[in-house]
Amino acid sequence: LQMLEQQVVGGEQAKNKDLKEKRKRRKKYADERRMQLVAALQQSNEDSSDWVLLNVYDSIQEEVRAKSKLLEKMQEKLRAAETEIKDLQSEFELEKIDYLGTIRRLERDLLLFQQLLDQVQSLIRRDCNYSNLEKIKRESVWDEETGCWKIPEPVVQKTRLP
């Protein structure tokens, strides 16, 4: 009798785990959808004046006034958005000018240092490892932790005549 009762109460699929999981997923999806609808309704209640098309009016003048108010609010929002866009564009332009100035200054500094190196290289002793700048560049390593180059120590190779 109990076995018959279980089949009748739960049906043939009472012990089907896949079906139970499917029901749980459907219920979860329905709950999420319901919460989204509740949130949308609450937001629509807060902005009830924006939903002019859903309102019923007693006269045409009342409808015109409501739609005029809505139009004014939308125009105000549009003006606010346009000023925000202009502010962002001017801020971007200032940053761009600043970056370009920094790049130009760094290029001038690089040119100065390159010219200094060209002038000083001829004064370095030939038996020093710093006489060959290309070799120093190859042996130099960038250190991420300290944020600077690790340059090999200067070494003077003295050759002795026999």
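This briefing covers the fold, the charged and nonpolar surface patches, and the salt bridges of a single protein chain. The structure is a predicted model, and the protein chain holds four helices and two strands, which follow one another along the sequence in the pattern α-α-α-α-β-β. Of its 162 residues, 7% count as buried, and the area that the protein chain exposes comes to about 15600 Å².

**Overall architecture**

- The helices precede the strands in the order of elements, since the protein chain reads α-α-α-α-β-β, and the helical elements described below include H2, spanning residues 17-46, H3, spanning residues 60-121, and H4, spanning residues 133-139.
- Among contacts in the protein chain with a separation of 6 or more, 26% are made by residues 24 or more positions apart.
- Carbon and sulfur atoms supply 57% of the roughly stated exposed area, which is about 15600 Å² for the protein chain.

**Charged surface patches**

- A patch of positive charge on the surface gathers Lys17, Lys20, Lys22, Arg23, Lys24, Arg25 and Arg26.
- Arg25, one of the residues in this positive patch, lies in helix H2 and counts as exposed, with a relative accessibility of 55%.
- A negative surface patch is formed by Glu84, Asp87, Glu91, Glu95 and Asp98.
- Asp98, which belongs to the negative patch, is found in helix H3 and is partly exposed, its relative accessible area being 48%.

**Nonpolar surface patch**

- Leu112, Phe113 and Leu116 form a nonpolar patch on the surface, and together these residues have about 290 Å² of accessible area.
- Leu116 has its place in helix H3, and at 42% relative accessibility Leu116 counts as partly exposed; it can be part of the patch because membership requires a relative accessible area of over 30%.

**Salt bridges**

- The structure holds six salt bridges, and the pairs described here include Asp31 with Lys27, Asp109 with Arg105, and Glu134 with Lys137.
- In helix H2, the side chains of Asp31 and Lys27 meet in a salt bridge with an N to O distance of 3.6 Å; the two residues are separated by about one helical turn because they stand four residues apart in that helix.
- Within this pair, Asp31 is partly exposed, with a relative accessible area of 31%, whereas Lys27 is exposed, with a relative accessible area of 55%.
- In helix H3, Asp109 and Arg105 lie four residues apart, about one turn of the helix, and they form a salt bridge in which the closest N and O atoms are 4.0 Å apart.
- Asp109 is partly exposed at a relative accessible area of 29%, and its partner Arg105 is likewise partly exposed, at 39%.
- In helix H4, Glu134 and Lys137 are three residues apart and are therefore separated by about one helical turn; the salt bridge between them has its closest N and O atoms 3.7 Å apart.
- Glu134 is partly exposed, with a relative accessible area of 47%.

**Helix H3 in summary**

- Helix H3 contains Asp98, a member of the negative surface patch, and also Leu116, a member of the nonpolar patch.
- The salt-bridged residues Asp109 and Arg105 also both lie in helix H3, and Asp98, for its part, is partly exposed.

Notes
Residues numbered from 1 in each chain as written. Predicted model: local features only at pLDDT ≥ 70, side-chain atom pairs only at ≥ 80, totals over all residues. Heavy atoms only, no water. Patch = residues over 30% accessible without salt bridge, like charges linked within 9 Å, V, L, I, M, F, W, Y side chains within 5 Å. Areas by Shrake-Rupley, 256 points an atom, 1.4 Å probe, with all protein chains shown as cover. Lys, Arg positive; Asp, Glu negative; His and termini not counted. Charge placed at Lys NZ, Arg CZ, Asp CG, Glu CD. Buried < 20%, exposed > 50% of the residue type's maximum accessible area, 1.4 Å probe, protein only. Contact = heavy atoms within 4.5 Å.
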